[in-house]
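Open the model in your viewer and keep the sequence panel visible. The tour moves from one selection to the next.

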Amino acid sequence: MSELTPYLCVADSRAAIQWYADVLGAEVTYDPIVMPDGRVGHCELNVDGARWMMSDEFPSAGVAAPDP
């Protein structure tokens with residue numbers, strides 16, 4: 001294995017995208033897929049070649065953000 005891509009689940013993807021852009025200079029490399037209920041189902045970001053994927057919570061699928 002030569003690459004590992006983290007997948008983050010957060011409580012508010014839109015706010016997280018903005019924070020990563022403002023603070024780390026992240027660029028969105030895969031536009032957010034917005035689900036019918038308004039939640040972000042998937043997006044990808046990149047900072048200097050380091051990329052990660054992110055989504056909002058989906059409790060019905062067992063996807064939850066860390067407990068604050």
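Is L24 buried, partly exposed or exposed? Select L24 and find out: L24 is partly exposed, with a relative accessible area of 44%. Keep in mind throughout that this is a predicted model.

**Stop 1: around L24**

L24 belongs to helix α1. Show its contacts, skipping neighbours within four places in sequence. W19 and V47 appear. Now add P66 to the selection and draw a C-alpha to C-alpha distance. L24 and P66 are 21 Å apart in space, with their positions 42 residues apart in sequence.

**Stop 2: the nonpolar patch**

Select W19, V23 and L24 and switch on the surface. These residues make a nonpolar surface patch of about 310 Å². Like L24, W19 sits in helix α1. W19 is partly exposed, at a relative accessible area of 48%. Patch members need over 30% relative accessible area. W19 qualifies on that count because its value is 48%. L24 does so because its value is 44%.

**Stop 3: the whole of α1**

Select residues 13-24, the range of α1. The helix has 12 residues. From first C-alpha to last it reaches 15 Å, close to the 16 Å expected at 1.5 Å a residue.

Which residues of α1 are buried? Colour S13, A16, I17 and Y20: they are the answer. Now look down the helix axis. The buried residues of α1 fall within an arc of 105°, so they line one face of the helix. The pitch of such a helix helps to read this view. An α-helix has 3.6 residues a turn, so residues three or four places apart point the same way.

What covers this face? Show the strands β1 (7-10), β2 (27-34), β3 (40-47) and β4 (50-56), which are among the parts covering the buried residues of α1.

**Stop 4: S13**

Go to S13, in helix α1. S13 counts as buried because its relative accessibility is 0%, and the limit is under 20%. Which residues touch it, leaving aside neighbours within four places in sequence? V40, M54, S55 and D56 are in contact with S13. Next, draw a line from S13 to I33. Their C-alpha atoms are 11 Å apart in space, and the two residues are 20 apart in sequence.

**Stop 5: two positive phi values**

Step to G25, just after α1. G25 takes a positive phi of about 75°. Then jump to D48, in the loop between β3 and β4. Its phi is near 50°, a positive value in a residue other than glycine. For background, most residues other than glycine have a negative phi. D48 is exposed, with a relative accessible area of 82%.

**Stop 6: the salt bridges**

How many salt bridges does the structure hold? There are 3. Side chains of opposite charge can pair when their charged atoms come close.

Begin with E3 and R51. They form a salt bridge whose closest N and O atoms are 3.5 Å apart. E3 lies in the segment before β1 and R51 in strand β4, so the pair ties together parts that are 48 residues apart in sequence. E3 is exposed, at a relative accessible area of 52%. R51 counts as partly exposed, at 32% relative accessibility.

Keep R51 selected and add E44. R51 also forms a salt bridge with E44, with the closest N and O atoms 3.2 Å apart. Is E44 buried or exposed? E44 is buried, with a relative accessible area of 15%. Show E3, E44 and R51 together, and you have a network of linked salt bridges.

Finish at D37 and R39. This pair forms a salt bridge as well, and its closest N and O atoms are 2.6 Å apart. D37 is partly exposed, with a relative accessible area of 49%. R39 counts as partly exposed too, at 27% relative accessibility.

Methods. Residues are numbered from 1 along each chain as its sequence is written. This is a predicted model: local features need pLDDT of at least 70, side-chain atom pairs count only at pLDDT 80 or more; totals for chains, interfaces and linings use all residues. Side-chain values use heavy atoms; hydrogens and water are left out. Patches are made of residues with over 30% relative accessible area and no salt bridge: like charges are joined within 9 Å, nonpolar side chains (Val, Leu, Ile, Met, Phe, Trp, Tyr) within 5 Å. Accessible areas come from the Shrake-Rupley method with a 1.4 Å probe; for residues, only the protein chains shown count as cover. A salt bridge is a side-chain nitrogen of Lys or Arg within 4 Å of a carboxyl oxygen of Asp or Glu. Helices (H or I, at least four residues) and strands (E, at least two) are DSSP runs, numbered from the N terminus. Buried means under 20% relative accessible area, exposed over 50%, partly exposed in between (1.4 Å probe, protein chains only). The expected span of a helix is 1.5 Å times one less than its number of residues. The arc is that of the directions from the helix axis to the C-beta atoms. Contact means heavy atoms within 4.5 Å.
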